[in-house]
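Reader: Before I rely on any label attached to this model, I would like to hear the reasoning behind it. Please take the labels one at a time.

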Amino acid sequence: MQPSLILRSGRSAWKGPYFVAFPNLRDALENNVAIRTQARSCTILPNFVGIRFMVHNGKDYMPVTVTQDMVGHKLGEFAHTKKRFTYKMTKNK
């Protein structure tokens, strides 16, 4: 038997998922307008599917389009805060 999603989330089951009430959610769905937010810990709910969010990563707002597979995850998981390090060799002439 596997534990339920609520038990594995790290948040008490009686509290329920953490989410922010976005006042312009209906407008964003109808007019395809992105919602700018800094709530990285907000849980993605099923009624967020198809909505574009601009999630703050500490420096910029990263575009995130919510799909069905993202339900139950946090918004911050899809807006990375660190860049990938690449080593560049400089040419000395």
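Reader: What makes E1 and E2 a pair of strands, and in which direction do they run, parallel or antiparallel?

Author: In this predicted model, 3 bridges join E1 to E2, and the two run parallel. Pairing requires at least two bridges, so the 3 bridges between E1 and E2 meet that criterion. One residue to look at here is Thr37, which lies in strand E1 and stands opposite Val55 in E2.

Reader: How do you know that E2 and E3 pair, and which residues stand opposite each other?

Author: Strand E2, residues 52–56, is joined to E3 by 5 bridges, and these two strands run antiparallel. Set against the requirement of at least two bridges, the 5 bridges qualify E2 and E3 as paired. Among the partners, Arg52 is matched with Thr65 in E3, Met54 stands opposite Pro63, and the bridge partner of Val55 is Met62. E2 and E3 also form a hairpin with 4 residues between them, and in its turn Gly58 has a positive phi of about 110°.

Reader: Why is the sheet called open, and what makes its pairing mixed?

Author: The 3 strands are arranged in the order E1-E2-E3. Strand E1 (35–37) and strand E3 (61–65) each have a single partner strand and stand at the edges, so one side of each is left without a neighbour in the sheet. As for the pairing, which is mixed, E1 and E2 run parallel, whereas E2 and E3 run antiparallel. Neighbouring strands of this sheet are turned against each other by 25° on average, direction ignored.

Reader: Why is Thr37 called buried, and what is it in contact with?

Author: The relative accessibility of Thr37 is 7%, and because buried means under 20%, Thr37 counts as buried. Apart from its neighbours within four places in sequence, Thr37 is in contact with Phe22, Phe53, Met54, Val55, His56, Tyr61 and Leu75. For the protein as a whole, 24% of the 93 residues count as buried.

Reader: What makes a group of residues here a nonpolar core, and which members touch the most others?

Author: Membership calls for buried residues of certain kinds, Phe, Ile and Leu among them, joined through side-chain atoms within 4.5 Å. The largest such core has 17 residues, of which Phe22, Ile35, Phe48, Phe53 and Leu75 touch the most other members. Helix H2 (25–31) and E2 each supply at least two residues of this core. Beyond its neighbours within four places in sequence, Phe48 is in contact with Val20, Phe22, Leu25, Cys42, Thr43, Phe53 and Val66. In soluble globular proteins, nonpolar side chains tend to be buried together.

Reader: How much confidence does the prediction carry, and where is that confidence lowest?

Author: The mean pLDDT of the protein is 85, with 89% of its residues at 70 or more. Confidence is highest in E2, at 95, and lowest in helix H1 (residues 5–8), at a mean of 48. Where pLDDT is low, the predicted coordinates should not be read in detail. Helix H1, at a mean of 48, falls below the value of 70 that local features need, so its local features are better left unread.

Definitions and conventions
Residues are numbered from 1 along each chain as its sequence is written. This is a predicted model: local features need pLDDT of at least 70, side-chain atom pairs count only at pLDDT 80 or more; totals for chains, interfaces and linings use all residues. Side-chain values use heavy atoms; hydrogens and water are left out. Axes are lines fitted to C-alpha atoms, for helices over the stretch in contact, and angles run from 0 to 180 degrees between N-to-C directions. pLDDT is the predictor's confidence in each residue, from 0 to 100. Buried means under 20% relative accessible area, exposed over 50%, partly exposed in between (1.4 Å probe, protein chains only). Contact means heavy atoms within 4.5 Å.
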